[in-house]
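Have the coordinates open in your viewer and let's walk through them together. We'll begin with confidence, then move on to the covalent and ionic links.

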Amino acid sequence: PPLHMNPPPASPFEGFDTNPFAWAMEYAHRQKMWVRKRVHNLIKAKAPPVSLPCAAMHVRRTDVAMKADWARQHFSIGKYLHKLKEKGIYTKNLLLFTDDQNALEEALTHHPSYNWMYLNISRHRGSSGGYENHIAASDPADEVTAMLSIFKLARHCDSFVMGHSTFADEIYRGMVSKGKNITLLRVDEGLDVFNPSYTTSEEDLMESLASNSS
């Protein structure tokens, strides 16, 4: 009797639970093995296991308020958390990406009920690094490895809260690159992104946090 054969798939990607174009683009632009190994080793050594479900949070501070013409606001961690709650996102598992050691310590001390997950790497404290020196890594290779690690870690989460930042935009693009539905929230929604009055926002935030602690 003739052999029964299943019809060929309409597409080589049929049956894949993914966006075929995104899959193909990621494969075409895949990192060299030594880069992937370096990212893997950094995450293994400097990041905790990611607890799910999680929300990702990007807090960009350091030099953002130093120039009046381009001054952006230093938002408290509480403002980011408020945005998540407004959207009905109550997960306690938060992946925190920040260039500011103050922001990390603020999260841990002022909001200890959350499970804060973060890369244990060097950071400047506030604007101490100076203008356009918001990354504390002394080795450019370490800097790039940390950035690639952030992109990889963020993909674990289903929501992302951020302020104005081109790097945060790239994090979000990586999160949705495989067709995953991500809830995107902006801490600066409805506000001026740039305003000369924000030049004092770093000091104002530090004073506010200190008074709330006393």
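Over residues 11-17 the pLDDT (the predictor's confidence in each residue, from 0 to 100) stays under 50. For that stretch the model has four contacts beyond four places in sequence, a contact being heavy atoms within 4.5 Å. Across the protein chain the average pLDDT is 89, and 86% of the residues score at least 70. Since this is a predicted model, local features need pLDDT of at least 70 and side-chain atom pairs count only at pLDDT 80 or more, while totals for chains, interfaces and linings use all residues. Residues are numbered from 1 along each chain as its sequence is written, and side-chain values use heavy atoms, with hydrogens and water left out.

Now to the covalent cross-link. The count comes to one disulfide, taking a disulfide as a pair of cysteine sulfur atoms within 2.5 Å. Cys54 is joined to Cys157, with S to S at 2.1 Å. The two cysteines link distant parts of the chain, 103 residues apart: Cys54 is in the loop between helix 2 and strand 1, and Cys157 is in the loop between helix 5 and strand 4 (159-162). Helices (H or I, at least four residues) and strands (E, at least two) are DSSP runs, numbered from the N terminus. The torsion about the S-S bond is about -110°, so this disulfide is left-handed. Cys54 is buried, at 2% relative accessible area, and Cys157 is buried too, at 0%. Here buried means under 20% relative accessible area, exposed means over 50%, and partly exposed is in between (1.4 Å probe, protein chains only).

Have a look at the backbone beside that cysteine. Most residues other than glycine have a negative phi, and most peptide bonds are trans. The peptide bond from Leu52 to Pro53 is cis, with omega near -5°, and Pro53 sits in the loop between helix 2 (33-46) and strand 1. Thr62 has a positive phi of about 30° although it is not a glycine. This threonine is found in the loop between strand 1 and helix 3, and Thr62 counts as buried because its relative accessible area is 3%. Glu132 also has a positive phi, near 55°, and is found in the loop between strand 3 and helix 5. With a relative accessible area of 63%, Glu132 is exposed.

Next come the charges. The structure holds eleven salt bridges, each one a side-chain nitrogen of Lys or Arg within 4 Å of a carboxyl oxygen of Asp or Glu. Which residue forms a salt bridge with Asp100? That is Arg61, with the closest N and O atoms 3.4 Å apart. This pair links distant parts of the chain, 39 residues apart, with Arg61 in the loop between strand 1 (55-59) and helix 3 (77-86) and Asp100 in the loop between strand 2 (93-98) and helix 4 (101-110). Glu106 forms a salt bridge with Arg61 as well, the closest N and O atoms being 2.8 Å apart. Glu106 lies in helix 4, 45 residues from Arg61. These partners are in the interior by the accessibility numbers: Arg61 is buried at 0%, Asp100 is buried at 1%, and Glu106 is buried at 3%.

For a salt bridge within a helix, go to Glu170 and Arg173, whose closest N and O atoms are 2.3 Å apart. Both lie in helix 6 (residues 166-176), three residues apart, about one turn of the helix. Glu170 is partly exposed at 39% relative accessible area, and Arg173 is partly exposed at 48%. Elsewhere, salt bridges that share partners join Arg60, Asp63 and Asp99 into one network.

Lys83, found in helix 3, counts as buried at 15% relative accessibility. Leaving out residues up to four places away in sequence, Lys83 touches Val161, Leu185, Arg186, Val187 and Glu189.

Finally, turn to the surface. Met66, Trp70, Tyr131 and Phe194 form a nonpolar patch there, with about 420 Å² of accessible area together. Patches are made of residues with over 30% relative accessible area and no salt bridge, where like charges are joined within 9 Å and nonpolar side chains (Val, Leu, Ile, Met, Phe, Trp, Tyr) within 5 Å. The areas come from the Shrake-Rupley method with a 1.4 Å probe, and for residues only the protein chains shown count as cover. Tyr131 is found in the loop between strand 3 (115-117) and helix 5 (140-154), and counts as partly exposed at 37% relative accessibility.
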